[in-house]
Amino acid sequence: MALFSAAEGNLRRVTYAADEGLTRDQALRDLNLLQRMGLIEPAGGGVRRHYLAGGRWRESVRQVFGTNEYLREPYE
């Protein structure tokens with residue numbers, strides 16, 4: 001779920017924690033790990049902090065979909 005949300009351009013810690021039933025610290029650990037792996041990168045700051053697909057994940061999205069645009073929810 002975190003990587004899909006990052007590919008959409010709207011991954012936030014609070015939302016991720018609520019969706020996955022995680023504590024604040026568990027969500028932060030996950031996001032920090034994904035960031036260290038180069039799969040997401042932070043944007044904004046403070047309460048507006050969110051994460052976008054980064055590095056290898058962004059390249060994978062481009063290769064699969066042939067575009068620089070973020071993914072769209074397939075089950076709308």
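This briefing describes the fold, the core, helix 3, the strand pair and a few single residues of one chain. The model is predicted. Its chain has four helices and two strands, arranged along the sequence in the pattern α-α-α-β-β-α. Of its 76 residues, 25% count as buried.

**Overall fold**

- Three helices come before the two strands, and a helix follows them, as the pattern α-α-α-β-β-α shows.
- Among contacts between residues at least 6 apart in sequence, 38% join residues at least 24 apart.

**The nonpolar core**

- The largest nonpolar core has 11 residues: Ala-2, Ala-6, Leu-11, Tyr-16, Ala-17, Ala-27, Leu-31, Leu-34, Leu-39, Ile-40 and Tyr-51.
- Helix 1 (2–8), helix 2 (13–20) and helix 3 (24–36) are the elements that give two or more residues to this core.
- Helix 3 contributes the most, with three residues.
- In soluble globular proteins, nonpolar side chains tend to be buried together.
- Ala-17, a member of this core, is in contact with Leu-22, Thr-23 and Ala-27, when neighbours within four places in sequence are left aside.

**Helix 3**

- The 13 residues of helix 3 should span 18 Å at 1.5 Å a residue, and this agrees with its end C-alpha atoms, which are 18 Å apart.
- Ala-27, Leu-31 and Leu-34 are the buried residues of helix 3.
- These buried residues lie on the same side of helix 3, because they cover an arc of only 60 degrees around the axis.
- An α-helix has 3.6 residues a turn, so residues three or four places apart point the same way.
- The exposed residues Arg-29 and Arg-36 sit on the face of helix 3 turned away from its buried side.
- The cover over the buried residues of helix 3 includes helix 1, helix 2, strand 1 (40–43) and strand 2 (50–53).
- Gly-38, just after helix 3, has a positive phi of about 80 degrees.

**The strand pair**

- Strand 1 and strand 2 run antiparallel and are joined by four bridges.
- Two of the pairings can be named: Ile-40 stands opposite Ala-53 in strand 2, and Ala-43 has His-50 in strand 2 as its bridge partner.
- Ile-40 also belongs to the largest nonpolar core, as does Tyr-51.
- The two strands form a hairpin with six residues between them, and Gly-44 in the turn takes a positive phi of about 75 degrees.

**A salt bridge**

- The structure holds one salt bridge.
- This salt bridge brings together the side chains of Arg-24 and Asp-25, with an N to O distance of 3.3 Å.
- Asp-25 is partly exposed, because its relative accessible area is 45%, which lies between the 20% limit for buried and the 50% limit for exposed.

**A buried serine**

- Ser-5 is found in helix 1.
- Ser-5 counts as buried because its relative accessibility is 9%, and the limit for buried is under 20%.
- Apart from neighbours within four places in sequence, Ser-5 is in contact with Asn-10 and Leu-11.
- Leu-11 is itself one of the residues of the largest nonpolar core.

How values were computed:
Residues are numbered from 1 along each chain as its sequence is written. This is a predicted model: local features need pLDDT of at least 70, side-chain atom pairs count only at pLDDT 80 or more; totals for chains, interfaces and linings use all residues. Side-chain values use heavy atoms; hydrogens and water are left out. A nonpolar core is a set of buried Ala, Val, Leu, Ile, Met, Phe, Trp, Tyr and Cys residues joined through side-chain atoms within 4.5 Å. Buried means under 20% relative accessible area, exposed over 50%, partly exposed in between (1.4 Å probe, protein chains only). Contact means heavy atoms within 4.5 Å. A salt bridge is a side-chain nitrogen of Lys or Arg within 4 Å of a carboxyl oxygen of Asp or Glu. The expected span of a helix is 1.5 Å times one less than its number of residues. The arc is that of the directions from the helix axis to the C-beta atoms. Two strands pair if DSSP finds at least two bridges between them.
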